[in-house]
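Open the model in your viewer and keep the sequence panel beside it. The tour begins with the whole chain and ends at a group of side chains.

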Amino acid sequence: MAQINFRIDKEIKEIVDIISKNLGISAAELAKQATLKEISRLRVNLAFNLLKAGKIGRKRAWTISGLSTLEFLNEWTKRGVEEVISDETRESSKNLIENFDLSSFRRKNR
């Protein structure tokens, strides 16, 4: 595990202490939960923004988002994002398909 340290104003620390005491958790745990919640939101936005810009593909976006498959597909539908496929990738895929050798999959005549 890694560690993140940061400073906050004294007044904010007092509020954090009140909230954490009320929840029955430590101030560190409250800060951790709040940070992870915000990072979860940010990573979903980042994944779909990069996908929309054509900088990453669907699989990488799914990984970055941290969502389950169903959550990812629901979010994708909700946002109406379309995967951008570069001309280079299209051409490469086209070449693979055109040059794919099916002979090894055919039945041999007996």
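How many helices and how many strands does the protein chain have? Show the predicted model as a cartoon and count: there are five helices and zero strands. Read from the N terminus, the order of elements is α-α-α-α-α. The protein chain is more spread out than a compact globule, because its radius of gyration is 24 Å, well over the 13 Å that the globule rule gives for 110 residues.

Next, orient the chain along its principal axes. The C-alpha atoms fill a box of roughly 80 × 35 × 25 Å in that frame.

Now switch on the surface. The protein chain exposes about 9900 Å², and carbon and sulfur atoms supply 54% of that area. Of the 110 residues, 14% are buried.

Colour by charge. The chain carries 21 positive and 15 negative charges, and the mean positions of the two sets are 6 Å apart.

For contacts, take those in the protein chain between residues at least 6 apart in sequence. Of these, 34% join residues at least 24 apart.

Hide the surface and select the aromatic side chains. Which residues do ring pairs link into a cluster? The cluster consists of F48, F72 and W76, and the structure holds two aromatic pairs.

Start with F48 and F72. Their ring centres are 5.1 Å apart and their planes lie at 20 degrees, so this pair is stacked; the cut-off for stacking is under 30 degrees. The pair links distant parts of the chain. F48 sits in helix α2 (residues 27–52) and F72 in helix α4 (residues 69–79), with their positions 24 residues apart in the numbering.

Move on from F72 to W76. Here the ring centres are 5.7 Å apart and the planes are at 65 degrees, so the pair is edge-to-face, the cut-off for that class being over 60 degrees. F72 and W76 are four residues apart in helix α4, and are therefore separated by about one helical turn.

Last, colour the three residues by accessibility. Are F72 and W76 buried or exposed? Both are buried. For F72 the relative accessibility is 4%, so F72 counts as buried, given that buried means under 20%. F48 has a relative accessibility of 1% and therefore counts as buried too.

Keep F48, F72 and W76 selected as the final view: a cluster linked by ring pairs, with F48 in helix α2 and F72 in helix α4.

Conventions: Residues numbered from 1 in each chain as written. Predicted model: local features only at pLDDT ≥ 70, side-chain atom pairs only at ≥ 80, totals over all residues. Heavy atoms only, no water. Helix = DSSP H or I, 4+ residues; strand = E, 2+ residues; numbered from the N terminus. Rg over C-alpha atoms; globule rule 2.2 N^0.38 Å. Buried < 20%, exposed > 50% of the residue type's maximum accessible area, 1.4 Å probe, protein only. Contact = heavy atoms within 4.5 Å. Areas by Shrake-Rupley, 256 points an atom, 1.4 Å probe, with all protein chains shown as cover. Lys, Arg positive; Asp, Glu negative; His and termini not counted. Charge placed at Lys NZ, Arg CZ, Asp CG, Glu CD. Phe/Tyr/Trp six-rings, centres within 6.5 Å; stacked < 30°, edge-to-face > 60°.
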